[in-house]
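Trainee: Could you take me for a close look at one small part of this structure, and then show me how that part fits into the rest?

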Amino acid sequence: MLKQFSIILSIYFLGELIQKALGLPVPGNVLGMLILFFSLCTGVIKLNMIDKISDFLLENMAFFFLPAGASLITCFALLEGKLTAILAVSLISTFIILAVTGLTVELVQRFLGKKSSKEARSIENEDDKSNKNGSGTKTKKAYAHENGTKEVS
């Protein structure tokens, strides 16, 4: 677990270093997340190399919001009188985030649905080639189940 934590921490500091060295307007922790994302996509870092510490951090994420909440309390005098504006911005941004998240999930599901349909068709074609009588009943059942349709025989 210490090794996994050191990988995450190294990537975080790499992001901070890049941000400071290049003077980028993007925060270093965001750069670190991008580095981690591309490292996972390219296979430089395997998921099993950071899975336990990632689960631990996700399970205890609320703990990391405590410093931000404590900072807000110390700045309460600055926020006084602007409560309506802050609540309005919070509500509007929450609805925007919900809408964008919902649309993103729908797009990803649609993309994955098309991808799995193509995979099912390629499996069906392979099955038809290997099955000389051309029935392909297993793949037709799987394809029908996946798309929520009835199997046509």
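Mentor: Happily! Let's start with a word we will need often: two residues are in contact when they have heavy atoms within 4.5 Å of each other. Keep in mind that this is a predicted model.

First, a quick view of the whole chain. The secondary structure comes to seven helices and zero strands, so reading along the sequence gives the pattern α-α-α-α-α-α-α. Among the contacts with a separation of 6 or more, 35% join residues 24 or more positions apart. Of the 153 residues, 14% are buried. The accessible surface is about 12400 Å², and carbon and sulfur atoms make up 70% of that area.

Now for our close look, at isoleucine 50. Find it in the loop between α2 and α3. Is isoleucine 50 buried or exposed? Its relative accessibility is 2%, and since buried means under 20%, isoleucine 50 counts as buried.

What does isoleucine 50 touch, once its neighbours within four places in sequence are set aside? The partners are Gln4, Ile7, Ile8, Leu36, Leu40 and Ile45. Take leucine 40 from that list: leucine 40 and isoleucine 50 are 10 residues apart in sequence, and their C-alpha atoms are 9.9 Å apart in space.

Another partner worth visiting is glutamine 4, which belongs to helix α1, residues 2-22. Glutamine 4 is buried too, because its relative accessible area of 10% is under 20%. Leaving out residues up to four places away in sequence, glutamine 4 touches Asn48, Met49, Ile50, Asp51, Lys52 and Ile53. So, by the contact rule, the link we saw from isoleucine 50 appears again when we start from glutamine 4.

Let's move from that buried spot to helix α2, which covers residues 28-42 and holds phenylalanine 38. Phenylalanine 38 helps to make a nonpolar surface patch of about 550 Å², together with Val26, Val30, Met33, Leu34 and Phe37. Valine 30 is also in helix α2. With a relative accessible area of 30%, valine 30 falls between the 20% and 50% limits, so valine 30 is partly exposed. Its C-alpha atom is separated by 8.8 Å from that of glutamate 16, 14 residues away along the chain.

How does this compare with the record? An unreviewed UniProt entry lists residues 33-49, 61-79 and 85-108 under "transmembrane region". In the model, residues 61-79 are 68% helix and 0% strand, with 26 Å between the end C-alpha atoms. Residues 85-108 are 100% helix and 0% strand, and there the end C-alpha atoms are 34 Å apart.

One last stop is the cysteines. Cysteine 41 has 53% relative accessibility, which is over 50%, so cysteine 41 counts as exposed. Cysteine 75, at 33%, lies between the limits and is therefore partly exposed. A disulfide needs a pair of cysteine sulfur atoms within 2.5 Å, and by that rule the count is zero.

To come back to where we began: isoleucine 50 is buried at 2% relative accessibility, and its contacts include Gln4 and Leu40.

Notes: Residues numbered from 1 in each chain as written. Predicted model: local features only at pLDDT ≥ 70, side-chain atom pairs only at ≥ 80, totals over all residues. Heavy atoms only, no water. Patch = residues over 30% accessible without salt bridge, like charges linked within 9 Å, V, L, I, M, F, W, Y side chains within 5 Å. Areas by Shrake-Rupley, 256 points an atom, 1.4 Å probe, with all protein chains shown as cover. Salt bridge = Lys/Arg side-chain N within 4 Å of Asp/Glu carboxyl O. Helix = DSSP H or I, 4+ residues; strand = E, 2+ residues; numbered from the N terminus. UniProt positions renumbered as here; feature names shortened; annotations may be inferred. Buried < 20%, exposed > 50% of the residue type's maximum accessible area, 1.4 Å probe, protein only.
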